[in-house]
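Please open the structure in a viewer and keep the sequence at hand. The tour below proceeds by selection.

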Amino acid sequence: MASATDPRYGQKESSDQNFDYMFKILIIGNSSVGKTSFLFRYADDSFTPAFVSTVGIDFKVKTIYRNDKRIKLQIWDTAGQERYRTITTAYYRGAMGFILMYDITNEESFNAVQDWSTQIKTYSWDNAQVLLVGNKCDMEDERVVSSERGRQLAEHLGFEFFEASAKDNINVKQTFERLVDIICEKMSESLDAADPAVTGAKQGPQLTDQQTPPHQDCAC
């Protein structure tokens, strides 16, 4: 499997004029929280109730318009199982945004959020943006994690918070668009700030050609 190189941050891709910027986004969280279903709902507007665990990592590409810019999103769907952790964390490098997901009907997936947050801080660049998403909000009768607990944890971690449903298409598009907007805001702040090379600050990933591994069909 080929590895992904860092996208060059904040620069226009000269070899492909079909987009202004390319953002690498990862969806992470425990197995079975609905990461793949969430991605398929956003990228293809499709949903399947069948659960097949993601093997390693998969991705989809979607191009959107935000703030008069054509933005190409390369969205990576990661396996939640521990045995794939060394594979998936290798892809954190160069990611500009993360959707950290738990299942509102699964306490264990919620309790794991702190560990996933630590991994983001360990393996990604300092200014990667993160949204916390409580998925499967359509399953209210089976809820074990309240909205308030999710909101409090997000506030504690410094993340924005959404509850969503891939099945009922609730807050899926809104989640991705909010994450893109935050990345754009931070990128604008970075461009307006002093040269990081002068201040000694750690620079984020930058936009370049991206190698992609063979596509593997999966759903969870």
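Two strands are said to pair if DSSP finds at least two bridges between them. With that in mind, note that the model on display is predicted, and select strand 5 and strand 6, the latter being residues 160-163. These two strands pair in the parallel sense, over 4 bridges. Within this pairing, leucine 131 stands opposite glutamate 160 of strand 6.

Next, add strand 4, residues 97-103, to the selection. Strand 4 runs parallel to strand 5, and 7 bridges join them. One place to look is glycine 97, whose bridge partner in strand 5 is glutamine 129.

Now select strand 5 alone, residues 129-135. Is this strand covered or exposed? It is mostly covered, with 7 of its 7 residues buried. Display the side chains to follow the two directions: Gln129, Leu131, Val133 and Asn135 point one way, while Val130, Leu132 and Gly134 point the other way.

Extend the selection to helix 5, residues 147-157, and bring strand 6 back. Together, strand 5, helix 5 and strand 6 form a β-α-β unit, which is right-handed.

Finally, move to helix 1, residues 35-44. How many of its 10 residues are buried? The count is 9, and helix 1 is thus described as mostly covered. The buried residues are Lys35, Thr36, Ser37, Phe38, Leu39, Phe40, Arg41, Tyr42 and Ala43. Just past the end of helix 1, select aspartate 45, which takes a positive phi of about 50°.

Definitions and conventions
Residues are numbered from 1 along each chain as its sequence is written. This is a predicted model: local features need pLDDT of at least 70, side-chain atom pairs count only at pLDDT 80 or more; totals for chains, interfaces and linings use all residues. Side-chain values use heavy atoms; hydrogens and water are left out. Buried means under 20% relative accessible area, exposed over 50%, partly exposed in between (1.4 Å probe, protein chains only). A crossover is right-handed if, with the strands pointing away from the viewer, the path from the first strand over the helix to the second runs clockwise.
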